[in-house]
Amino acid sequence: MLKAIFYDILTIEGSEVTMLKLKNIDKDIYDNYVKNHPTKSHFLQSHAWGEFAKVKKGVTPYYLGLVNEKDELVATTLLLQKILPLNFCYFYAPRGFVIDYNKKELVKIMTKKVVEFAKRKKAIFVKIDPDIIYKSYNYLNEEVKLNYDPKEIFATLQEAGFKHQGFTKNFETMQPRYTFRIDLTQPIEEIEEHFSKTTKQRIAKAIKLETEVTIGGKDDIKEFYHLMTLTENRKDFISYNEDYYETLYEIFNGNENSKATLFLGKVNLNKTIKSLEKSLKRINDQISIIPIDNLSKSAKTKLSELTKQKENINNEIEKFKSYRQEYGQELTLSAHMIIEYGDKAWVLYAGNHNILSETYVNYNTYYEHIKYCKNRGLKIYDQFGTIGDINENNPRLGLHEFKKKFGGDYVEFIGEWDYITNKIMYFIFTKIVPIYRNFVKKRSKKELQNEINKTN
């Protein structure tokens with residue numbers, strides 16, 4: 001553990017003078033505060049995320065807390081230090097400080113303390129992107145009334161010295177500025193009622209075809225990674241290698257305060273074919289009891305409908321038999337990784353196969369982990385990212401429309417904020433680094449693509 005660092009400040013709360021100090025916090029005390037915070041608990045502020053970021057993102061995590069003279073925590077933050085050339089650095093608090101943002105003076109004090117800490121490390125800026133909802137709309141596109149005024153918090157952050165980085169619309173920021181969230185405190189029947197009509201139909205079709213969703217383990221990471229590469233290739237980007245996902249899984253499951261769960265959506269083609277054959281038998285039985293002679297108009301209509309259904313099912317049986325011959329009896333078509341922390345869950349990654357999309361396994365996989373999170377007593381289910389620019393030419397509109405179908409609230413966060421501590425170096429960093437990052441991404445994509453090609 002790092003040596004504790006203290007900065008003292010006097011604040012007046014009512015008639016009491018309280019000494020507040022910023023110091024490093026032990027793991028269990030830190031996580032206990034963050035995961036139980038009533039409004040700002042987030043896995044990106046967890047101890048597990050800090051340790052993962054240290055291993056896979058090349059940053060140094062600091063787990064800091066603001067304590068009063070009784071040594072009671074009143075705020076915390078995970079700060080990730082990224083080293084830059086010339087011994088400079090910057091700090092990033094993913095999803096912001098874990099603090100009551102309605103307490104203006106407390107936010108200002110926390111900011112002052114963190115900035116002082118950052119300056120001692122030669123930081124050129126401190127970045128936060130608080131988990132503060134700026135606007136929210138329900139599944140009927142009606143604006144949801146918030147129990148606070150986001151504009152007041154906006155003003156508080158400005159007064160504290162932060163500079164807002166704009167109301168971005170896509171994925172330009174460290175974390176998504178838009179997402180869909182489902183309130184899991186609702187009855188499951190109400191949650192399902194908010195699904196779109198096509199989503200309900202596709203889930204029903206997936207269940208009818210006897211697709212199944214199971215919980216995987218570490219040994220299934222390889223299959224998960226394979227499906228992630230297929231998905232990313234379709235979207236023309238490749239993000240992480242297999243070890244990245246394996247490390248994430250291990251760290252979050254090696255910490256008693258967090259959990260990573262792998263959901264596998266599968267189709268067993270033998271079961272699917274048998275299910276279709278049962279449906280075919282039921283239709284043939286219905287056709288057999290319709291009198292052939294002197295059919296009434298309604299009987300003719302019924303016979304015509306049943307005949308079409310019979311033809312469609314026969315075609316499906318033949319199609320799935322050909323799939324079985326080509327791909328084998330059982331296939332994993334979807335693999336999703338869910339992160340749990342505190343009273344929330346996030347659908348962090350989802351990979352899907354290119355084939356058998358007509359089984360709608362992906363829909364059933366989402367449905368099953370929504371129920372899973374609901375049954376575990378979690379309160380919020382976050383689909384972790386969508387777009388704000390929903391015009392028809394946006395290449396990510398399909399992703400947006402898919403997530404929207406599950407009926408969650410469409411949430412817009414307050415955005416990124418930078419506290420600039422070195423204006424000259426900040427200017428250089430914000431102009432030069434984006435060019436460098438683009439180069440690294442292209443190189444990483446090429447290396448990962450070469451890795452995939454070697455395994456095919």
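How exposed is K208, in terms of relative accessible area? K208 has a relative accessible area of 44%, so K208 is partly exposed. The legends below describe close-up views of a predicted model.

**View 1. A positive surface patch that includes K208.**
Four residues form this patch: K208, K274, K278 and R282. Helix 9, which covers residues 269-288, supplies the largest share, with 3 residues. K208 belongs to helix 6, residues 197-208. With its relative accessible area of 44%, K208 passes the patch rule, because that rule asks for over 30% and no salt bridge.

**View 2. The salt bridge between E416 and K127.**
Side chains of opposite charge can pair when their charged atoms come close. Here the side chains of E416 and K127 meet, with an N to O distance of 3.0 Å. The pair links distant parts of the chain, 289 residues apart. E416 is in the loop between strand 15 (409-413) and strand 16 (417-420), while K127 is in strand 6 (residues 123-128). E416 has a relative accessibility of 8% and therefore counts as buried. K127 also has a value of 8%, so K127 counts as buried. The cut-off behind both statements is that buried means under 20% relative accessible area.

**View 3. The salt bridge between D131 and R181.**
The closest N and O atoms of this pair are 3.1 Å apart. D131 sits in the loop between strand 6 and strand 7 (133-137), and R181 sits in strand 9 (residues 178-183), so the bridge ties together parts that are 50 residues apart in sequence. D131 counts as buried because its relative accessibility is 3%. R181 counts as buried at 10%.

**View 4. The salt bridge between K371 and E368 in helix 11.**
The N to O distance between these two side chains is 3.1 Å. Both residues lie in helix 11 (residues 361-375), and because K371 and E368 are 3 residues apart there, about one helical turn separates them. K371 is partly exposed, with a relative accessible area of 23%. E368 counts as partly exposed at 27%. Across the model, the count of salt bridges comes to 23.

**View 5. A salt-bridge network and the residue T156.**
K104, E105, K108 and E159 are linked in a network of salt bridges. One member of the network, K104, is also touched by T156. T156 touches V107 as well, when residues up to four places away in sequence are not counted. The place of T156 is in helix 4, residues 150-160. T156 has a relative accessibility of 4%, so T156 counts as buried.

**View 6. F195 and its contacts.**
F195 is in the loop between helix 5 (188-193) and helix 6. Its relative accessible area is 5%, so F195 is buried. Leaving aside neighbours within four places in sequence, F195 is in contact with K200, I203, Y367, I370, K405 and F406. The C-alpha atoms of F195 and L276 are separated by 26 Å, and these two residues are 81 residues apart along the chain.

**View 7. T365 in helix 11.**
What is the relative accessible area of T365? The value is 0%, so T365 is buried. Apart from its neighbours within four places in sequence, T365 is in contact with V213, F263, G265, S334 and H336.

**View 8. Two loop residues with positive phi, D71 and L356.**
Most residues other than glycine have a negative phi. D71 is not a glycine, yet its phi is positive, near 65°. D71 lies in the loop between strand 3 (60-67) and strand 4 (73-83). D71 is partly exposed, with a relative accessible area of 48%. L356, which is also not a glycine, has a positive phi near 55°. The place of L356 is in the loop between strand 13 (344-352) and helix 11. Is L356 buried or exposed? L356 is buried, with a relative accessible area of 4%.

Key:
Residues are numbered from 1 along each chain as its sequence is written. This is a predicted model: local features need pLDDT of at least 70, side-chain atom pairs count only at pLDDT 80 or more; totals for chains, interfaces and linings use all residues. Side-chain values use heavy atoms; hydrogens and water are left out. Patches are made of residues with over 30% relative accessible area and no salt bridge: like charges are joined within 9 Å, nonpolar side chains (Val, Leu, Ile, Met, Phe, Trp, Tyr) within 5 Å. Accessible areas come from the Shrake-Rupley method with a 1.4 Å probe; for residues, only the protein chains shown count as cover. Lys and Arg count as positive and Asp and Glu as negative; His and the chain ends are not counted. The place of a charge is taken as NZ of Lys, CZ of Arg, CG of Asp or CD of Glu. Helices (H or I, at least four residues) and strands (E, at least two) are DSSP runs, numbered from the N terminus. Buried means under 20% relative accessible area, exposed over 50%, partly exposed in between (1.4 Å probe, protein chains only). Contact means heavy atoms within 4.5 Å.
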